[in-house]
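Me: I have a structure open and would like to go through it piece by piece. Can you help me read it?

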Amino acid sequence: MSLDVSGITVYTDENKMDLIKKSILQGRTLEYVTVQPDIKSSATINIIDSTLVGQAGACGWNVAGTTVLTQRTLGVVPIKVNEAICLDTLEKYYTQKMMNPGSYNENIPFEQIFAEDKAEKIADMIESILWKGDTAGSGNLALANGWFKLIDSLSGSVVNGNVDGVTVATGVTAANIVDIVDGMVASIPEDIIDAEDLNLFMSYANYRTYSKALRDANLFHYTGAEDQGQDFSQMVPGTNVRVVALKGFSGTSRMVLSRKANLYMGTDLLNDAEDFNIFYSQDNDEVRFLSKFKLGVEVAFPEFVVDLILVP
């Protein structure tokens with residue numbers, strides 16, 4: 001008589017391996033912009049500009065020239081993340097092996113990796129909102145306006161990086177990416193051309209295309225990110241402009257070039273987005289996750305932004 005196993009399911013050991021979290025590309029925009037803390041709702045970027053009129057030396061006093069004070073408003077919006085977990089639910093699955101004995105469950109058995117995962121997801125959400133946020137959109141991106149939306153509203157003031165009139169139609173390819181980047185650099189206003197904090201932001205996909213194009217064009221003399229102590233960041237050869245790949249540009253072929261001192265990100269407390277709370281709610285008999293922070297973006301001088309929108 002043969003063995004009949006039709007009444008049971010194939011065994012899978014669900015406790016053999018540790019719980020792991022899904023890896024995501026981390027945001028790093030804050031390394032390349034000016035972060036302004038201590039903003040509850042809005043604050044002004046106070047700007048001074050002067051026009052000097054030189055005169056031939058002689059006796060007397062002839063008034064000439066002006067000093068202009070202007071402002072741009074940096075507003076922030078409050079954002080929160082709320083989540084609740086009924087720990088009793090975990091008793092029905094393999095996770096029961098991680099739980100303490102008894103029926104009073106007050107702690108997530110995998111709290112450390114839970115917290116790490118939430119921290120990474122919040123960082124990713126902030127990175128995307130900072131650039132692609134649009135309150136007229138949907139989902140997390142609708143929570144606040146980002147730099148793309150702001151720059152679009154300033155289209156009459158920012159510099160158009162499409163110097164050859166062709167790249168918008170043709171999109172980014174290995175054959176034209178070097179010319180596109182060089183065109184962006186050539187479009188930098190003369191007033192800031194010698195600035196030490198000029199960055200050209202693009203997606204990781206376009207960055208990889210650019211790096212490969214440089215390497216293929218000059219294989220034996222190419223000096224890329226691996227030789228400059230930076231990951232996904234390198235200097236445009238012969239210039240003071242750093243090309244930086246950012247997660248916030250993912251899914252777009254847009255490129256933005258400006259100074260670190262010109263792009264402002266506003267918030268309340270610098271580490272609000274990192275200092276989330278995980279606590280047990282006795283009234284609701286569940287573990288809750290709470291994260292609260294504020295963010296907003298602004299540009300001090302629109303005329304010092306070079307923008308380029310390309311076909312993917």
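Reply: Start with one term: two strands pair if DSSP finds at least two bridges between them. One thing to keep in mind is that this is a predicted model.

Me: Ok. In which sense do β1 and β10 pair, parallel or antiparallel?

Reply: Parallel: strand β1, residues 34-36, pairs with β10 in that sense over 3 bridges. Within β10, M265 is the bridge partner of V35.

Me: And how many bridges are there between β10 and β12?

Reply: There are 4 bridges between β10 and strand β12 (residues 286-299), and here the sense is antiparallel. One of the positions involved is G266, whose bridge partner in β12 is G296.

Me: Are the residues of β10 buried or exposed?

Reply: Buried, on both faces. L263 and M265 lie on one side of the strand, Y264 and G266 on the other.

Me: Why do they split between two sides like that?

Reply: In a regular strand the side chains alternate between the two faces of the sheet.

Me: Back to β12. What else does β12 pair with?

Reply: β4 pairs with β12 in the antiparallel sense over 9 bridges, and β11 does so in the antiparallel sense over 5. For β4, an example is V77, with L295 as its bridge partner in β12. For β11, take Y280, whose bridge partner is V287.

Me: How many residues of β12 are buried?

Reply: 11 of its 14 residues are, so the strand counts as mostly covered.

Me: What sits between β11 and β12?

Reply: They form a hairpin with 4 residues between the strands, and D285 in that hairpin takes a positive phi near 50°.

Me: Why point out a positive phi?

Reply: Most residues other than glycine have a negative phi.

Me: Which other residues have a positive phi?

Reply: D38 and F232 are two examples. D38 has a phi of about 65° and lies in the loop between β1 and β2. F232 has a phi near 50° and lies in the loop between α5 and β7.

Me: Is D38 buried or exposed?

Reply: Exposed: its relative accessible area is 62%, and the cut-off for exposed is over 50%. F232 has 37%, so it is partly exposed.

Me: New topic. How many disulfides are there?

Reply: A search of the whole structure finds 0.

Me: How accessible are C59 and C86?

Reply: C59 is exposed at 83% relative accessible area. C86 is partly exposed, at 37%.

Me: What about aromatic pairs, how many of those?

Reply: The search finds 12 across the whole structure. One is F148 with F249, which is edge-to-face, with 5.0 Å from centre to centre and 85° between the planes. This pair links distant parts of the chain: F148 is in helix α2, F249 is in the loop between β8 and β9, and they are 101 residues apart. Both F148 and F249 are buried.

Me: Give me another pair to set beside it.

Reply: F276 and F289 have ring centres 5.1 Å apart and planes at 45°, so that pair is tilted. F276 is in the loop between β10 and β11, F289 is in strand β12, and 13 residues separate them. Both F276 and F289 are buried.

Me: What sits over the ring of F289?

Reply: The charged end of K118, 5.9 Å from the ring centre.

Me: Which residues make up the ring cluster?

Reply: Ring pairs link Y32, W131, W147, F148, F201 and F249 into a cluster.

Me: Last topic, the largest nonpolar core. Which residues touch the most other members?

Reply: L130, W131, W147, F201 and L295, out of 37 residues in that core. At least two residues each come from β4, α1, α2, β10 and β12. The most come from α1, which gives 8.

Me: What is L130 in contact with?

Reply: Leaving aside neighbours within four places in sequence, L130 is in contact with T29, L30, G146, W147, M265, L295 and V297.

Me: What lies apart from the largest core?

Reply: Another core, of 27 residues, including V181, Y204, A213 and M255.

Note on methods
Residues are numbered from 1 along each chain as its sequence is written. This is a predicted model: local features need pLDDT of at least 70, side-chain atom pairs count only at pLDDT 80 or more; totals for chains, interfaces and linings use all residues. Side-chain values use heavy atoms; hydrogens and water are left out. A disulfide is a pair of cysteine sulfur atoms within 2.5 Å. Buried means under 20% relative accessible area, exposed over 50%, partly exposed in between (1.4 Å probe, protein chains only). Rings of Phe, Tyr and Trp (its six-membered ring) pair if their centres lie within 6.5 Å; planes under 30 degrees apart count as stacked, over 60 as edge-to-face and the rest as tilted. A charge sits over a ring if NZ of Lys or CZ of Arg is within 6 Å of the ring centre and within 35 degrees of the ring normal. A nonpolar core is a set of buried Ala, Val, Leu, Ile, Met, Phe, Trp, Tyr and Cys residues joined through side-chain atoms within 4.5 Å. Contact means heavy atoms within 4.5 Å.
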